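I have my notebook open and a fresh model to look through. Here is what I looked up, entry by entry.

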Amino acid sequence: EKGEFGHFMLKEIYEQPRVIKNTLSGRISDRHVLEEAFGVKSKAIFDQVDNVQIVACGTSFHAGLITKYWLENIAKMPCQVDIASDYRYRNIIVRPGTLFVTISQSGETADTLAALRYAQELPYVGRLAICNVATSSLVRESDFSLLTMAGREIGVASTKAFTTQLVALLLMSLVLGRRNGLDEESEAAYIRDLHQLPDIVDKALAQDQAIQRLSIQFADKHHALFLGRGPQYPVAKEGALKLKEISYIHAEAYPAGELKHGPLALVDDKMPVIAVAPNDELLGKLKGNLAEVSARGGKLFVIADESAGFDDEVDYQLVRLPPVPEVLAPIVYTIPLQLLSYHVAILKGTDVDHPRNLAKSVTVE
Ligand code: M6R
């Protein structure tokens, strides 16, 4: 039931603090990931891993792209991320010590399932599914799984499934990190951050009205550009996908550093540009990129850390988020983008929970 919310999508956006808590529950102690959560077979497999291959579609693919940064930073491990419909038809070369990971809300996506079946024939050390449905084909056919505890997701636009996938994938990154030089104190610091996550997501949700006010400026637009750097690039991709999917506005995401290499030509005073700007080591670079957009008259909307030195100026419109531990920023900065697409879709009068031409689970190729 939608309850007080007009749509399942909005209800599911607001469920995130709770379902993130559920996804963490029983999987972390004060200082550690409780590895048993990955099942009895997992230890022998994790012990052999020094490379990760991730395969997924759509929003779940974006969760994979973010995980690559976590694996590099936390587990010092290489990671390849592929779209399932591409992976399944390629001649895949598997490096020794590679773990195969699928990510899926439904566990029934035809291409992801076909990729897993292909991977069964290949010399991976194991096949892990990050999935929201315990009884799904993907979970049944994988060697082991970690369930996201998002509860049933009804809105076609994936929201709470995505953020809980990220939580599960961060736990996986920590478990692999442990085997590759991540010391106890550093693990404990990440766990402390994770314990704060539900509250931080609540604070991001508190920006809902500010985002709703901005959404008015998108309703008559035909295009939008999303920018982010580092792990915020996949966040930007996810924001663009949400906007396309439910408001039918053509949206593209770019790593901000790529602007000069082509997309800057699109920028004029009719082009809304949305940037995600946590206070990280790439902030200075991002600000430089945004100045290039302003100089071309682009309409800038910046979702920024309140300590990132953005002030309300005529050059851009701002949504402020509280300081966020760096590792959690991709999860937290997704929330305002979900809300933005929701409010724009409402203004456009689309069928938010059942956007045209799309199905909740894509069980055919
Ligand atoms: O069930 P899955 O996670 O495997 O689904 C993958 C995509 O079809 C899905 O994420 C799709 O992109 C969503 N509608 C995006 O909001």
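Which residue with a positive phi follows α2? I found G26 there, with phi near 75°.

**Ground rules.** I am working from a predicted model, where local features need pLDDT of at least 70 and side-chain atom pairs count only at pLDDT 80 or more, while totals for chains, interfaces and linings use all residues. Residues are numbered from 1 along each chain as its sequence is written, and side-chain values use heavy atoms, with hydrogens and water left out.

**Helix α2.** I looked at residues 16–24, which form α2. Helices here are DSSP runs of H or I with at least four residues, strands are runs of E with at least two, and both are numbered from the N terminus. I noted Q16, P17, V19, I20, T23 and L24 as buried; buried means under 20% relative accessible area, exposed over 50%, and partly exposed in between (1.4 Å probe, protein chains only). These buried residues pack against α1 (8–14), β5 (144–147), α8 (160–178), α9 (184–205) and α13 (329–348).

**Helix α11.** I checked the length of α11, residues 232–247. The expected span is 1.5 Å times one less than the number of residues. For its 16 residues that gives 22 Å, and the end C-alpha atoms are 22 Å apart, which agrees. I also saw that α11 is mostly covered, with 12 of its 16 residues buried. Among them are the charged-letter entries I wanted to find, E238, K242 and E245. Just after α11 comes Y248, with a positive phi near 60°.

**Cysteines.** How many disulfides are there? I counted 0, taking a disulfide as a pair of cysteine sulfur atoms within 2.5 Å. C57 is in no disulfide, and its nearest cysteine sulfur, that of C131, is 12 Å away. C57 counts as partly exposed, at 23% relative accessibility, whereas C131 is buried at 0%.

**The whole protein.** I tallied 13 helices and 10 strands. The radius of gyration is 20 Å, close to the 21 Å from the globule rule for 365 residues, so the protein is as compact as a globular protein of that length. That radius is taken over C-alpha atoms, and the rule is 2.2 Å times the number of residues to the power 0.38. The C-alpha trace spans about 55 × 45 × 45 Å along its principal axes. Buried residues make up 58% of the 365.

Notes:
Contact = heavy atoms within 4.5 Å.
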